[in-house]
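User: Hi! I'd like to learn how to read a protein model one feature at a time. Could you walk me through one?

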Amino acid sequence: LDFWEHYQSNGGTDPGGHCFIATAAWQHPFAVHLELLRSFRDQVLVPTTLGSAFVAAYYRWGRFVAAWIAPSPVARLLARVVLVPLVWIAMIASGSTPMGLLLLLGGLALLVAHRQRLSAELAAGEVP
């Protein structure tokens with residue numbers, strides 16, 4: 001069982017709303033990026049027919065993608081690279097404050113630093 005199945009089988013009643021892939025990519029369920037993505041989901045995607053269908057498919061399949069991403073440093077990095085532009089779009093769509101922009105830029109700086117470290121590890125053969 002994955003986390004969500006375990007939670008539900010033990011009587012969990014939360015209706016969902018989790019960002020499986022982003023949580024796996026950033027390894028924390030309350031990262032600033034996730035709040036922006038949740039806001040985008042609720043304000044932009046869910047009110048539309050196509051957006052609602054996308055969200056439903058995401059909740060059906062996203063946890064499997066997240067389970068594949070979570071244990072791999074390379075997969076997590078690639079997921080973050082793909083998600084950062086989506087976070088920017090979410091930030092613009094939700095009218096995020098300048099502080100949100102600052103946090104996002106700080107996160108991007110951390111991502112770049114992490115990428116450089118990971119590249120060095122890959123070059124040295126330290127990451128499988």
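Analyst: Happy to; we'll go from the overall fold to the core and then to the aromatic rings. Please keep in mind that this is a predicted model.

User: Let's begin with the fold. How many helices and strands are there in the protein?

Analyst: There are 6 helices and 0 strands, and along the sequence the pattern reads α-α-α-α-α-α. To see how such a chain folds back on itself, look at the contacts between residues distant in sequence. Among contacts with a separation of 6 or more, 61% join residues 24 or more positions apart.

User: What share of the 128 residues counts as buried?

Analyst: Here 33% of them do. The accessible surface is about 8100 Å², and carbon and sulfur atoms account for 70% of that area.

User: How should I read a single helix, say helix 3?

Analyst: The general idea is that an α-helix has 3.6 residues a turn, so residues three or four places apart point the same way. In this model, helix 3 covers residues 32–45 and spans 19 Å from its first C-alpha to its last, close to the 20 Å expected. Its buried residues are H33, L34, L36, L37, R38, S39, F40, R41 and L45. Notice that this list includes R38 and R41 as well as leucines.

User: And the core? Which residues touch the most other members of the largest nonpolar core?

Analyst: As a general idea, nonpolar side chains tend to be buried together in soluble globular proteins. The largest nonpolar core here has 27 residues, with A22 and W26 touching the most other members. Helices 2, 3, 4, 5 and 6 each supply at least two residues of this core, and helix 5 gives the most, with 8.

User: Which residues is W26 in contact with, leaving aside its neighbours within four places in sequence?

Analyst: They are A31, H33, L34, R80, L83, V84 and V87. Two of these, H33 and L34, are also among the buried residues of helix 3.

User: Last topic: aromatic rings. What is the geometry of the pair formed by Y58 and Y59?

Analyst: For a ring pair, read the distance between centres and the angle between planes. The structure holds 4 aromatic pairs; Y58 and Y59 form an edge-to-face one, at 5.5 Å centre to centre with 70 degrees between the planes. Together with F20, they make up one aromatic cluster.

User: Why do Y58 and Y59 fall into separate burial classes?

Analyst: The cut-off for buried is under 20% relative accessible area. Y58 counts as buried because its relative accessibility is 19%, while Y59, at 25%, counts as partly exposed.

Terms used:
Residues are numbered from 1 along each chain as its sequence is written. This is a predicted model: local features need pLDDT of at least 70, side-chain atom pairs count only at pLDDT 80 or more; totals for chains, interfaces and linings use all residues. Side-chain values use heavy atoms; hydrogens and water are left out. Helices (H or I, at least four residues) and strands (E, at least two) are DSSP runs, numbered from the N terminus. The expected span of a helix is 1.5 Å times one less than its number of residues. Buried means under 20% relative accessible area, exposed over 50%, partly exposed in between (1.4 Å probe, protein chains only). A nonpolar core is a set of buried Ala, Val, Leu, Ile, Met, Phe, Trp, Tyr and Cys residues joined through side-chain atoms within 4.5 Å. Contact means heavy atoms within 4.5 Å. Rings of Phe, Tyr and Trp (its six-membered ring) pair if their centres lie within 6.5 Å; planes under 30 degrees apart count as stacked, over 60 as edge-to-face and the rest as tilted. Accessible areas come from the Shrake-Rupley method with a 1.4 Å probe; for residues, only the protein chains shown count as cover.
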